[in-house]
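Trainee: Got a few minutes to go through this one with me? I'd like to start with the pockets and work outwards.

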Amino acid sequence: MSENIIEVKHLQTQFTRDDRKTVVLDNVSFHIKKGEVLGLVGESGCGKSVTSLSIMRLFKDTTGEITQGEIVYNGTNLLSMSENDMRQIRGKEISMIFQEPMTSLNPVMKIGEQLAEAIRLHLGYSDKLAREHAVSMLTKVGIPRPKEILAEYPHQLSGGMRQRIMIAMAMSCRPNLLIADEPTTALDVTIQAQILDVMKQLQADEHMSMLLITHDLGVVAEMCNRVVVMYAGRVVEEASVYDLFDEPKHPYTKGLIGSVPKIGQKRDRLDSVPGNVPTPNNMPKGCKFAPRCKEAMSICWEQEPAIAGVGENRFCRCWLYDEEGRGANA
């Protein structure tokens with residue numbers, strides 16, 4: 001048995017607009033071990049959310065399609081499964097918490113009905129047992145007066161309460177893998193901390209694997225075991241949390257970490273990564289980060305580097321390192 005619960009291999013996803021096909025994810029590969037929390041980080045537009053939608057195969061009513069690669073979950077390639085079989089995986093074995101709960105919760109259905117629907121479908125519970133399980137899950141995620149909340153509608157609840165309900169829904173069938181896409185973005189700092197504590201406790205209790213998608217490196221440091229850094233639809237660095245923060249390799253990762261404010265730091269303004277993420281239909285020729293990179297060399301503008309090992313269980317896509325992982329200028 002593999003120690004990995006899921007392996008994404010050479011994934012390529014594209015969208016079509018006005019008969020023009022645009023590659024949004026290009027040769028994306030990573031894995032998540034059983035019981036591990038993997039952070040997927042990068043700026044908006046780097047391809048993080050498209051990666052999660054690709055894993056869940058949630059491109060219905062869009063022009064998105066996976067054109068290459070494999071997504072192997074517990075030994076089975078999800079891309080080879082029928083849609084009916086995939087529906088049995090979604091929600092039960094792989095669940096997802098979306099970024100904005102108001103777009104995910106049905107505004108005209110009571111909370112209890114939405115929770116019980118998934119429980120009945122995936123666990124085969126009766127209406128009574130489904131309701132009892134729903135109350136139990138709301139209690140686990142720290143919802144006060146859970147029985148009364150079942151009779152309310154999403155618009156009657158605060159953002160923090162709605163996000164807790166999304167977590168309860170995602171966890172109600174005890175999934176093996178939870179994908180959390182920016183689960184605390186729209187919440188204030190106090191509520192963010194509470195939500196992260198809930199997720200951390202549930203993950204530990206269930207020994208569940210998690211893919212945590214975020215642009216917040218503080219959340220990564222708090223929650224994750226390993227980190228995959230994405231840029232322009234590509235993986236540019238992969239490392240343990242400790243190694244990434246202790247010694248980032250890729251210039252983009254260095255820029256992200258350098259832009260985080262630090263306690264006691266006395267500066268008029270924060271460091272930042274200059275420029276913007278390129279759009280998928282307007283990519284530079286060589287390394288996609290070269291136009292923003294302070295360390296760019298002539299080869300960076302001509303040829304895109306392959307991702308290569310730069311130490312034990314560390315990978316980086318950068319011309320600063322040769323195939324053996326030594327600094328190119330060492």
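**Pockets, sheet and a loop**

Mentor: Sure. Keep in mind that this is a predicted model. The largest pocket holds about 750 Å³ of space, and among the 23 residues lining this pocket, Arg90, Gly91, Phe98, Ala118 and Met169 are closest to its centre.

Trainee: Which helix gives the most to the lining of the largest pocket?

Mentor: Four elements each supply at least two lining residues there: strand 6, helix 3 (101-104), helix 4 (111-123) and helix 7. By class, the lining comes out as 13 nonpolar, 7 polar and 3 charged residues. The top contributor, with 5 residues, is helix 4.

Trainee: And the second largest pocket: how many charged residues are in its lining?

Mentor: That pocket has a volume of about 320 Å³, and its 17 lining residues include His10, Asn27, Ser29, Ile307 and Arg317, the closest to its centre. Strand 2 (20-33) provides the largest share, 5 residues, while strand 1 (4-17) and strand 10 (234-240) each give at least two. Split by class, the lining has 6 nonpolar and 4 polar residues, and the charged ones number 7.

Trainee: What about closed space: what is the volume of the largest cavity?

Mentor: There are 3 cavities of 30 Å³ or more. The largest cavity is lined by 13 residues, with Pro251, Cys287, Cys293, Cys300 and Cys318 nearest its centre. Its lining counts 11 nonpolar, 1 polar and 1 charged residues. The volume of this largest cavity is about 80 Å³.

Trainee: On to the sheet. Which strands are its edge strands?

Mentor: It's an open sheet of 8 strands with mixed pairing, in the order 6-7-8-3-9-10-12-11. An edge strand pairs on one side only, and here that applies to strand 6 (94-97) and strand 11 (308-309).

Trainee: Which residue in strand 8 stands opposite Leu178?

Mentor: Strand 7 (residues 177-181) and strand 8 (residues 209-214) run parallel, joined by 5 bridges. Helix 7 (residues 159-171) lies across strand 6 and strand 7, at about 175° to strand 6. As for Leu178, the residue opposite is Met210.

Trainee: Last one: why does Ala296 count as partly exposed?

Mentor: Ala296 sits in the loop between helix 11 (251-258) and strand 11. Leaving out residues up to four places away in sequence, Ala296 touches Ala290 and Trp301. Partly exposed covers the range between the under 20% cut-off for buried and the over 50% one for exposed. Ala296 therefore counts as partly exposed because its relative accessibility is 28%.

Notes. Residues numbered from 1 in each chain as written. Predicted model: local features only at pLDDT ≥ 70, side-chain atom pairs only at ≥ 80, totals over all residues. Heavy atoms only, no water. Pairing = 2+ DSSP bridges. Contact = heavy atoms within 4.5 Å. Axes fitted to C-alpha atoms, helices over the stretch in contact; angles between N-to-C directions. 1 Å grid on protein atoms, 1.4 Å probe; cavity = no way out; pocket = protein on both sides within 12 Å on 5 of 7 lines; lining within 4 Å. Points joined across faces, edges and corners; volume = space filled by probe spheres on them. Nonpolar A, V, L, I, M, F, W, Y, C, P; charged D, E, K, R; others polar. Buried < 20%, exposed > 50% of the residue type's maximum accessible area, 1.4 Å probe, protein only.
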